[in-house]
Amino acid sequence: AGKYVYIPDLSSDEEPEGEPEQVYVDFAALEGVNSDIVAWLYGADTGLNYPIVQAEDNDYYLDHAYTNEYMACGSIFADYRAYKNMEYNRNTVLYGHNMNNVTKFLDEDFFNSTNITIYTLDGIYTYEPFAIFETISTFQYFRMRFQDDADFVSFCEKMQEQSLYNKNMKFTGSDHIITLSTCTNSFTSTGRYALHAKLIKVEK
């Protein structure tokens, strides 16, 4: 397949087949759909292929589609406290009911070989996973504010220690990470899967 342009076709539920050679996100088209769309989440072979929205709170997109229509499973959304420019955040937290694709990273080979890309108006950001684990909603895996560099590095190290698989990745105060948080679909409403990944490449 050649270049695949992400322009939402709201009249079709069909997904493009295969992986694109080149990914291009048409933000002008997305702006026409919803001005809350701030980025696009993509991971080759992961099934992660969604717009990221951001509202003025962390409630609205729990049960609304990125088209602003009511949808029980909601959307992938950035924490409302996050800056739109990924490089301004130490930890950019993304939530979603329907990110069951995250469970693919529970496979060790997949975890060790698969990166995640986020496309924004500011650039293309590639992240390497360093932690995947099951937890509960009260565990502070989604912290976004840190006292200083040492506090941030300590947080990253603790998350890596929680992981099913440990890459022994090193961290500095100048690093940036993302956290993907999704429900476990278990019998308890507090179950969560947390996936953490470190920024390893930026393309402007």
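User: Let's start with the pockets: what volume does the second largest pocket have, and which strand gives the most to its lining?
Analyst: Keep in mind that this is a predicted model. The second largest pocket has a volume of about 230 Å³, and among the 13 residues lining it, the closest to its centre are Leu 62, Tyr 95, Tyr 141, Ser 181 and Arg 192. Strand 6 and strand 9 (177-183) each supply at least two lining residues. The top contributor, with 3 residues, is strand 9.

User: And closed-off space: how many cavities of 30 Å³ or more are there, and how much space lies in the largest cavity?
Analyst: A cavity is a set of points where a 1.4 Å probe fits but cannot get out. With that rule and a floor of 30 Å³, the count comes to 1 cavity. The space in the largest cavity is about 70 Å³.

User: Which elements give two or more residues to the lining of the largest cavity?
Analyst: The lining of the largest cavity includes Val 38, Gln 54, Lys 84, Thr 92 and Leu 94. Going by elements, those that give two or more residues to that lining are strand 3 (37-43) and strand 6.

User: Gln 54 is in that lining, so is Gln 54 buried or exposed?
Analyst: Gln 54 sits in the loop between strand 4 (48-53) and strand 5. Its relative accessibility is 8%, and the cut-off for buried is under 20%. Because 8% falls under that cut-off, Gln 54 counts as buried.

User: Which backbone oxygen lies 2.9 Å from a polar atom of the Gln 54 side chain?
Analyst: Leaving out residues up to four places away in sequence, Gln 54 touches a string of residues, among them Asp 36, Val 38, Tyr 61, Ala 78 and Ala 82. One of these also has its backbone oxygen 2.9 Å from a polar atom of the Gln 54 side chain. That oxygen belongs to Ala 82.

User: Now Lys 84: is this residue buried or exposed?
Analyst: Lys 84 is found in the loop between strand 5 (76-78) and strand 6 (91-96). Exposed means over 50% relative accessible area, and Lys 84 comes in at 54%. That value is over the cut-off, so Lys 84 counts as exposed.

User: With which side chain does the side chain of Lys 84 make a polar contact?
Analyst: Beyond its neighbours within four places in sequence, Lys 84 is in contact with Val 38, Gln 54 and Asp 122. The polar contact between side chains is at 3.5 Å, and the partner is Gln 54.

User: How far apart in space are Lys 84 and Val 38, C-alpha to C-alpha?
Analyst: These two are 46 residues apart in sequence, yet Val 38 is on the contact list of Lys 84. Their C-alpha to C-alpha distance is 6.7 Å.

User: Which residues does Thr 114 contact, leaving aside neighbours within four places in sequence?
Analyst: Thr 114 has its place in the loop between helix 2 (108-113) and strand 7 (116-120), and it is buried, with a relative accessible area of 8%. A polar atom of its side chain lies 2.9 Å from the backbone oxygen of Phe 110. Past the four-place limit, Thr 114 is in contact with Ala 44, Thr 46, Phe 105 and Pro 129.

User: Where is Asn 168, with its positive phi of about 55°?
Analyst: Asn 168 has that positive phi although it is not a glycine. At 54% relative accessibility, Asn 168 counts as exposed. Its location is the loop between helix 3 (149-162) and strand 9.

User: What phi does Asn 68 have?
Analyst: Asn 68 lies in the loop between strand 4 and strand 5. Its relative accessibility is 35%, so Asn 68 counts as partly exposed. Its phi is positive, in a residue other than glycine, and is near 80°.

User: What about cysteines: how many disulfides are counted?
Analyst: Cys 73 counts as partly exposed at 33% relative accessibility, whereas Cys 156 is buried at 0%. A disulfide needs two cysteine sulfur atoms within 2.5 Å. By this rule the count is 0.

User: Zooming out, how many helices and strands does the protein chain have?
Analyst: From the N terminus, the elements run β-β-α-β-β-β-β-α-β-β-α-β-β. The tally is 3 helices and 10 strands.

Note on methods:
Residues numbered from 1 in each chain as written. Heavy atoms only, no water. Helix = DSSP H or I, 4+ residues; strand = E, 2+ residues; numbered from the N terminus. Buried < 20%, exposed > 50% of the residue type's maximum accessible area, 1.4 Å probe, protein only. Contact = heavy atoms within 4.5 Å. Polar contact = N/O pair within 3.5 Å; in protein donor to acceptor, adjacent residues only side chain to side chain. 1 Å grid on protein atoms, 1.4 Å probe; cavity = no way out; pocket = protein on both sides within 12 Å on 5 of 7 lines; lining within 4 Å. Points joined across faces, edges and corners; volume = space filled by probe spheres on them.
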